[in-house]
Amino acid sequence: VNLELAVTYNNIGAALQALRKPKEAIDHHQKALNIQKKFGERHPGVCTTYNNIGAALQALGKSEEAVDYHQKALSIKIEFYGKMHPYVALSYHNLGEAFRLSKNISQAVHCYHEALKIWVDLFGEEHPDVALVYNSIALVTSEPKQALKYYEQAHKILISQYGENHP
């Protein structure tokens, strides 16, 4: 059993996902997962594959099922990297997206705020990943004035980082 084979299955799955073929992508990610699990259920590669399967499930409109995969990925990342790591923040954000798409707004907000705390602590307030989370929080904010504040904060960060004319 070779982990490189799992990597190629994941890469093919990612390419299929980019081609908007999520069902085929899941098949390849599942093949990768079967190989990776032979190296342990908590292997770091497993969390990447769980995340990939979650994204493909979201593309199929199966957001509630995607939540399970993103939760598994987050659990492994916290165990492997510790709570204060950019990969953990990204995993919280991915889980928040799955919750948002499954209409579980309170859980989405919780996950977005966890991602925000990590990214602000690691990179400061003026980082593009912080802007990403502000945009995500704005999407689930029911009060338009509050949503506008989050969008404006994200906009301010992105302008400060990239300038007005960034492509």
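## Terms and model

A residue is called buried when its relative accessible area is under 20%, exposed when that area is over 50%, and partly exposed in between. These words are used throughout for what is a predicted model, and on this scale Tyr87, with a relative accessible area of 44%, is partly exposed.

## The nonpolar core

The largest nonpolar core has 38 residues, and among these the ones that touch the most other members are Tyr50, Tyr92, Val133 and Tyr134. Seven helices each supply at least two residues of this core, namely α2 (22-36), α3 (44-59), α4 (63-81), α5 (86-101), α6 (105-123), α7 (128-140) and α8 (144-162).

Tyr92 can be followed further through its contacts, which, leaving aside neighbours within four places in sequence, are with Leu74, Ile78, Lys83, Cys111, Glu114, Ala115 and Ile118.

## Helix α4

Helix α4 has 19 residues, which at 1.5 Å a residue should span 27 Å, and this agrees with the 26 Å that separates its end C-alpha atoms. The buried residues of this helix are Ser63, Ala66, Val67, Tyr69, His70, Ala73, Leu74, Ile76 and Lys77, and they pack against α2, α3 and α5. An α-helix has 3.6 residues a turn, so residues three or four places apart point the same way. After α4 comes Gly82, whose phi is positive, near 90 degrees.

Within α4 lies His70, which counts as buried because its relative accessibility is 2%. When residues up to four places away in sequence are not counted, His70 touches Asn51, Gly54, Ala55, Gln58, Ser91, Asn94, Leu95 and Ala98. Another side chain of interest is that of Lys72, which lies over the face of Tyr69, at 5.0 Å from the ring centre.

## Aromatic rings

A search of the whole structure finds four aromatic pairs. In the pair made by Tyr81 and Tyr87, the ring centres are 5.1 Å apart and the planes stand at 80 degrees, so the arrangement is edge-to-face, a term that applies to planes over 60 degrees apart. Tyr81 and Tyr87 also belong to one aromatic cluster with Phe80.

As for the surroundings of this pair, Tyr81 counts as partly exposed at 30% relative accessibility, and Tyr87 is likewise partly exposed, at 44%.

## Cysteines

Why does the sulfur of Cys47 not form a bond with that of Cys111? The sulfur of Cys47 is 16 Å from the closest cysteine sulfur, which is in Cys111, and this is too far for a bond, since a disulfide needs the two sulfur atoms to lie within 2.5 Å. Seen from Cys111, the closest cysteine sulfur is that of Cys47, again at 16 Å. The search of the whole structure accordingly reports zero disulfides.

Cys47 is buried, with a relative accessible area of 2%, and Cys111 is buried with a relative accessible area of 2%. Cys111 has already appeared above as one of the contacts of Tyr92.

## Loop residues with positive phi

Arg20 is found in the loop between α1 (3-18) and α2, and its phi is near 60 degrees, a positive value in a residue other than glycine. With 76% relative accessibility, Arg20 counts as exposed.

Lys103 is found in the loop between α5 and α6, where its phi is near 70 degrees, again a positive value in a residue other than glycine. Lys103 is exposed, with a relative accessible area of 68%.

Technical notes: Residues numbered from 1 in each chain as written. Heavy atoms only, no water. Core = buried A, V, L, I, M, F, W, Y, C linked by side-chain atoms within 4.5 Å. Buried < 20%, exposed > 50% of the residue type's maximum accessible area, 1.4 Å probe, protein only. Helix = DSSP H or I, 4+ residues; strand = E, 2+ residues; numbered from the N terminus. Contact = heavy atoms within 4.5 Å. Phe/Tyr/Trp six-rings, centres within 6.5 Å; stacked < 30°, edge-to-face > 60°. Lys NZ or Arg CZ within 6 Å of the ring centre and 35° of its normal. Expected span 1.5 Å × (residues − 1).
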